[in-house]
Amino acid sequence: MRMLRFLALPLLLAGVLLVAGCGGGGSQSVPNDAVAVVSGTPITKLQFASLVASAKASYAARKTPFPKAGTAAYKSLQDQAITYLVQESELELQAKTMGIVITDKDVQTRLTQIKKQYFGGSETKYQAQLKAQGLTETELLRELKAQILSEKLYAKVTAPVKVSDAQVAAYYALHKSTYSTAASRTVRHILVNNKALADQLETQLKNGASFAVLAKKYSKDPGSAAKGGKLTVTKGQTVPQFDKAAFSLKTGQISPPVHSQYGWHIIQALTAVTAAKVTPLTSVQNSIRTQLLQSKKTTTMTNWVNGVKKSYAKKVAFQAGYT
């Protein structure tokens, strides 16, 4: 959005408005000083110009060239501005029917919070930020009003959304692997290209040779060779032949050469197997509920905004050149 970077986006609505199309097709007349009319409420050319000017200031702050009038890029920006203003108007009108009213006191309270949070209450720093972004306080207050409206709409529309214990349990059952930790153990191994060398190394190990020394000298596994062949493996995450041998050995036992697609392995189990664990539902049910609740609220809000757009589709008329 174009407004101050220290402002949070108006919850879900910002994203919804960007993807929702701009309806229109009403037969109502549009005053000369307006770019559009939404159910009898005009959107003035001054509002449009103010929005474009803010966008221009934002481009300047980023040191990015602003699209020139008449270009496709400028037309795209104009379309986005009109869409935003029309849908902002639709939401304001819809909010009134729901008993949601944003007072000047609400806006001033929010502005005071912002000054305190981001500028330590310094009016000088606040004014400097406005100037840096090419904004007037009037524009900021308008944006704050839209932000508060978004929050109140979101709260009211999504208030009935609930997630049952059964839904939480069903999600947990479906994604149980997410909450599980497979068995693991620490081993060391030597990987070579041919069985003849593997057999020679096995003989040396049986005669008391140092596993770590041989691994550093002969193993072609770059991840473990420098560590004397040592690594921690998780059951099911290595090739089947290696996995089977690594988890069937007794602690301290050395395997005969094991063949896999990578070559020949000699494996020694260094620790006992750490058993697989499953995090119980009771430990994660709150986080699951929060995740599902947010997802359902997002869907509910998206559907609601799309419904508002459809209900106003024939109540919007545009000035020539601003469709």
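Which residue of E7 is the bridge partner of Val 187? Keep that one in mind while we set the ground rules. This is a predicted model, where local features need pLDDT of at least 70, side-chain atom pairs count only at pLDDT 80 or more, and totals for chains, interfaces and linings use all residues. Residues are numbered from 1 along each chain as its sequence is written, and side-chain values use heavy atoms, with hydrogens and water left out.

**Exercise 1. Lay out the sheet around E7, starting from the opening question.**

Step 1. The partner of Val 187 in E7 is Ala 269. Strands here are DSSP runs of E with at least two residues, helices are runs of H or I with at least four, and both are numbered from the N terminus. Two strands pair if DSSP finds at least two bridges between them. E4 (residues 184-192) and E7 clear that bar with 6 bridges and run antiparallel.

Step 2. Now go to E6 (residues 258-260), which pairs with E7 in the antiparallel sense over 3 bridges. Val 258 has His 265 as its bridge partner in E7, and a hairpin through 2 residues takes E6 into E7.

Step 3. On to E5: 5 antiparallel bridges tie E4 to E5, and Arg 188 finds its partner there in Lys 230.

Step 4. Put it together: the open sheet has 4 strands in the order E5-E4-E7-E6, with antiparallel pairing. E5 (230-234) and E6 are the edge strands, each pairing on one side only. On average, neighbouring strands are turned by 50° against each other, direction ignored.

**Exercise 2. Work out what covers the sheet, and whether E7 is enclosed or open.**

Step 1. Helix H8 (residues 195-206) packs on the sheet and touches E4 and E7, a contact being heavy atoms within 4.5 Å. Its direction makes about 20° with that of E7. Axes are lines fitted to C-alpha atoms, for helices over the stretch in contact, and angles run from 0 to 180 degrees between N-to-C directions.

Step 2. Helix H9 (residues 211-218) lies across E4 and E7, at about 50° to E4.

Step 3. Buried means under 20% relative accessible area, exposed over 50%, and partly exposed in between (1.4 Å probe, protein chains only). In E7 (residues 263-269), 7 of the 7 residues are buried, so the strand is largely enclosed by the rest of the structure.

**Exercise 3. Check the length of H11, then find its bend and a contact.**

Step 1. The expected span is 1.5 Å times one less than the number of residues. For the 31 residues of H11 (residues 281-311) that gives 45 Å, and the end C-alpha atoms are 43 Å apart, which agrees.

Step 2. H11 bends by about 30° at Ser 287; the bend is the angle between axes fitted to the seven residues ending there and the seven starting there.

Step 3. Buried residues of H11 include Val 284, Trp 304 and Met 301. Thr 158, in helix H6 (residues 137-158), touches Met 301 and Lys 297, not counting residues up to four places away in sequence. Thr 158 is itself buried, at 2% relative accessible area.

**Exercise 4. Classify the ring pair of Phe 48 and Tyr 322.**

Step 1. Rings of Phe, Tyr and Trp (its six-membered ring) pair if their centres lie within 6.5 Å; planes under 30 degrees apart are stacked, over 60 edge-to-face, and the rest tilted. The whole structure has 5 aromatic pairs.

Step 2. Phe 48 and Tyr 322 sit 5.4 Å centre to centre with 85° between the planes: edge-to-face.
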